[in-house]
Amino acid sequence: MSTTEKIARAYGVLIARGDKITVRSVQREAGVRIGEVAAWMREHAAAATGSVPEAPDLSEAMSAMVASVWAAAWKRAAEQADEATAVALDAARAGEADALAAAERATSEKDEAVAARDRAAVEVEGLRGELEQLRGELDAARRDTRDARAAAVEADRARVRAEATSDTLREVLESLRDERRNGDSGAKSRPES
């Protein structure tokens, strides 16, 4: 983009925004040297205002011709300024369209981020529910383990009691067998009368 186009674009942007038009404001917007802006404004900006200055009075005889030439020149300068302003306005509109597109993309990205956050929140809630369920299952498993240990201890005690009872019964049975054997052998050893 040429310096003249940059200046014309900056001028159009400032007009579109309703900002005050000064050499410095146009220079800041265009990003070019201030002398270039001043020269351009002397050449073009006055035409954009729409007011035509008075024709110089060269002489009575030539005043009609000078006024005609002056008006034609002024009209051409105004057309050129209008063209430059139109170019600047088109550039400003393109910039505005780009800014709107960027804003729409940002809004869309924000909406996607919010949707992703909401999905993550739902997943977190689901995980929390699963965690609570697993905690419940773990507590139940701990209770079952505690109950199984208590049952194992009780079963072990019952086994010990059963073994003790079995040992006692064996001893009693052995004792009875011994008595019976002794009783049978005593009956055999007695003579018959």
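Is Asp167 buried, partly exposed or exposed? Asp167 counts as partly exposed, because its relative accessibility is 38%, which falls between the 20% limit for buried and the 50% limit for exposed. Keep that residue in mind, as we will come back to its partner below.

**How confident is the prediction?**

Before we explore, please remember that this is a predicted model. The average pLDDT over the chain is 81, and 82% of the residues score at least 70. Confidence also varies from element to element: α2 has the highest mean pLDDT, 90, while α3 has the lowest, 78.

**The nonpolar core**

Let us start on the inside. In soluble globular proteins, nonpolar side chains tend to be buried together. In this model, the largest nonpolar core has 12 residues. Among them are Ile7, Ala8, Tyr11, Leu14, Val26, Val37, Trp40, Met41 and Ala84. Three helices each give two or more residues to this core: α1 (3-17), α2 (23-30) and α3 (34-48). The largest share, 5 residues, comes from α1.

Ala8 is a good member of the core to look at on your screen. Leaving aside residues up to four places away in sequence, Ala8 touches Trp40, Ala84 and Ala88. Two of the names in that list, Trp40 and Ala84, also belong to the core.

**Two residues to find in α1 and α2**

Now look for Ala16, which sits in helix α1. Ala16 counts as exposed, because its relative accessibility is 53% and the limit for exposed is over 50%. The C-alpha atom of Ala16 lies 9.8 Å from that of Thr85, although 69 residues separate the two along the chain.

Next comes Gln27, a residue of helix α2. What does Gln27 touch, not counting residues up to four places away in sequence? The list is Val32, Arg33, Ile34 and Val37. For one of these, Val37, there is also a distance to try out: the C-alpha atoms of Gln27 and Val37 are separated by 6.0 Å, with their positions 10 residues apart along the chain.

**Salt bridges**

How many salt bridges does a search of the whole structure find? The search finds 16. One network of salt bridges links Arg17, Asp19 and Glu29. Three other pairs can be followed along helix α4, and here are their closest distances:

| Acidic residue | Basic residue | Closest N and O atoms |
|---|---|---|
| Glu132 | Arg135 | 3.2 Å |
| Asp167 | Arg170 | 2.9 Å |
| Asp178 | Arg181 | 3.4 Å |

The spacing along the helix is worth a look. Glu132 and Arg135 both lie in α4 (residues 63-189), 3 residues apart, or about one turn of the helix. Asp167 and Arg170 are likewise 3 residues apart in α4, about one turn. For Asp178 and Arg181, also in α4, the separation is 3 residues, again about one turn.

What about accessibility in these pairs? Glu132 counts as partly exposed because its relative accessibility is 49%, and Arg135 is partly exposed too, at 45%. Asp178 is partly exposed, with a relative accessible area of 35%. And Asp167, the residue from the opening question, is partly exposed at 38% and forms its salt bridge with Arg170.

Technical notes
Residues numbered from 1 in each chain as written. Predicted model: local features only at pLDDT ≥ 70, side-chain atom pairs only at ≥ 80, totals over all residues. Heavy atoms only, no water. Core = buried A, V, L, I, M, F, W, Y, C linked by side-chain atoms within 4.5 Å. Buried < 20%, exposed > 50% of the residue type's maximum accessible area, 1.4 Å probe, protein only. Helix = DSSP H or I, 4+ residues; strand = E, 2+ residues; numbered from the N terminus. Contact = heavy atoms within 4.5 Å. Salt bridge = Lys/Arg side-chain N within 4 Å of Asp/Glu carboxyl O. pLDDT = per-residue confidence, 0-100.
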